[in-house]
Every structure is written in structure tokens, then in C-alpha cells.
Amino acid sequence: MTDVKSPEPYFHTSAKQEIFMSYGLLNRIAKLVGKVESVGLLLVDTNIQAAVLCIVLSTYDAKGKLVEEVDAESIMLTPDEAVSLIVWVTEHLTSFFLKNLWKGETMINQFQAMAAQNLEPSPSGSPS
């Protein structure tokens with residue numbers, strides 16, 4: 001596995017809002033996107049973009065509970081800044097999904113090696 005460099009954990013808007021990509025925030029977005037094959041839609045589907053921007057720009061308390069929900073019409077970002085934020089989110093989703101896939105592949109390979117080793121006959125000929 002090639003190590004995937006993690007994206008920057010913080011995004012700063014021109015309005016001085018700091019957004020931290022926590023596991024909770026990433027999980028909310030991942031549930032919306034659904035699967036790794038759908039991550040690319042985030043770059044081209046305006047409905048998904050609006051929903052993701054609303055999730056990312058909403059306010060949450062320390063326990064991850066929604067404090068203030070943002071709706072798409074109230075988002076005060078320039079189009080360029082919105083694209084930069086969407087790209088940042090896309091980088092996090094891609095990294096998250098790829099790391100999970102690679103970790104899963106590593107686990108499967110280890111399990112297969114253990115299973116193959118357990119199926120080999122013992123040198124003494126007796127069952128192990």
C-alpha cells in the first residue's frame with residue numbers, strides 16, 4: 001500500500017471561519033455521498049455540492065450535535081471559494097475511502113495467509 005498523504009485538517013474561509021474535518025463531519029458527508037464510486041459526483045452535481053456545503057458550514061457543539069443549520073441560499077462564499085471548499089472535502093472523502101479499502105485489503109491478505117497456513121498438513125502428519 002502506498003501511504004496517502006492526509007489532506008489539511010483545517011479549511012479557512014475568507015470570512016475567517018475555521019472548518020475542522022473531524023471524523024463526525026466526515027461521517028456525515030460520507031453518509032450523504034454513500035460510496036467511493038460516488039465521490040466524483042461531488043465535483044459536478046450541484047445538488048450534492050449544496051447539501052455538502054450546508055453540512056460543512058453548519059455549526060455543531062462539542063458533542064457533534066447540530067446547533068445552527070445553514071441552508072444553501074444563506075451561504076456567503078464566492079463561487080471560487082465554494083469550489084475550493086468542495087475540493088477540500090473531496091480530498092478528505094477520497095483519502096478516507098481509499099485508506100479504508102487498503103486497510104481492508106491488508107486484513108483480507110493477512111486472513112488468507114493465516115487460513116492457508118492452517119490448511120497445510122503438519123510435519124508430523126497429525127492434525128493440528
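Helices (H or I, at least four residues) and strands (E, at least two) are DSSP runs, numbered from the N terminus. What you have open is a predicted model, where local features need pLDDT of at least 70, side-chain atom pairs count only at pLDDT 80 or more, and totals for chains, interfaces and linings use all residues. Residues are numbered from 1 along each chain as its sequence is written, and side-chain values use heavy atoms, with hydrogens and water left out.

**The whole chain.** Start with the cartoon view. You'll find 3 helices and 4 strands, and reading along the sequence gives β-β-α-α-β-β-α. Of the 128 residues, 27% count as buried (buried is under 20% relative accessible area, exposed over 50%, partly exposed in between, with a 1.4 Å probe and protein chains only).

**The pocket.** Now select Phe-20, Ser-22, Leu-25, Ser-58 and Tyr-60. The largest pocket holds about 180 Å³ of space, and of the 13 residues that line this pocket, those five are the closest to its centre. Here a pocket is an open set of points on a 1 Å grid over the protein atoms alone, where a 1.4 Å probe fits, with protein on both sides within 12 Å along at least five of seven lines; lining residues have an atom within 4 Å of a point. Its volume is the space filled by probe spheres set on the points, which are joined across faces, edges and corners. Strand E2 (18–20), helix H1 (23–33) and strand E3 (59–60) each give the lining at least two residues. Colour the lining by type and you get 5 nonpolar, 6 polar and 2 charged (Ala, Val, Leu, Ile, Met, Phe, Trp, Tyr, Cys and Pro are nonpolar, Asp, Glu, Lys and Arg charged, and the others, Gly among them, polar).

**A loop stop.** Next, click Lys-16, in the loop between strand E1 (10–12) and E2. Its phi is near 70 degrees, a positive value in a residue other than glycine. Is Lys-16 buried or exposed? At 73% relative accessibility, Lys-16 counts as exposed.

**Helix H2.** Move on to Ala-50, in helix H2 (residues 46–57). Ala-50 is partly exposed, at 25% relative accessible area. Show Ala-72 too: the two C-alpha atoms are 5.8 Å apart, though 22 residues separate them along the chain.

**Helix H3.** Last, pick Leu-101 in helix H3. With a relative accessible area of 49%, Leu-101 is partly exposed. Add Val-36, 65 residues away in sequence but 9.4 Å from Leu-101 in space, C-alpha to C-alpha. While you're on helix H3 (residues 79–119), find Val-83 there as well.
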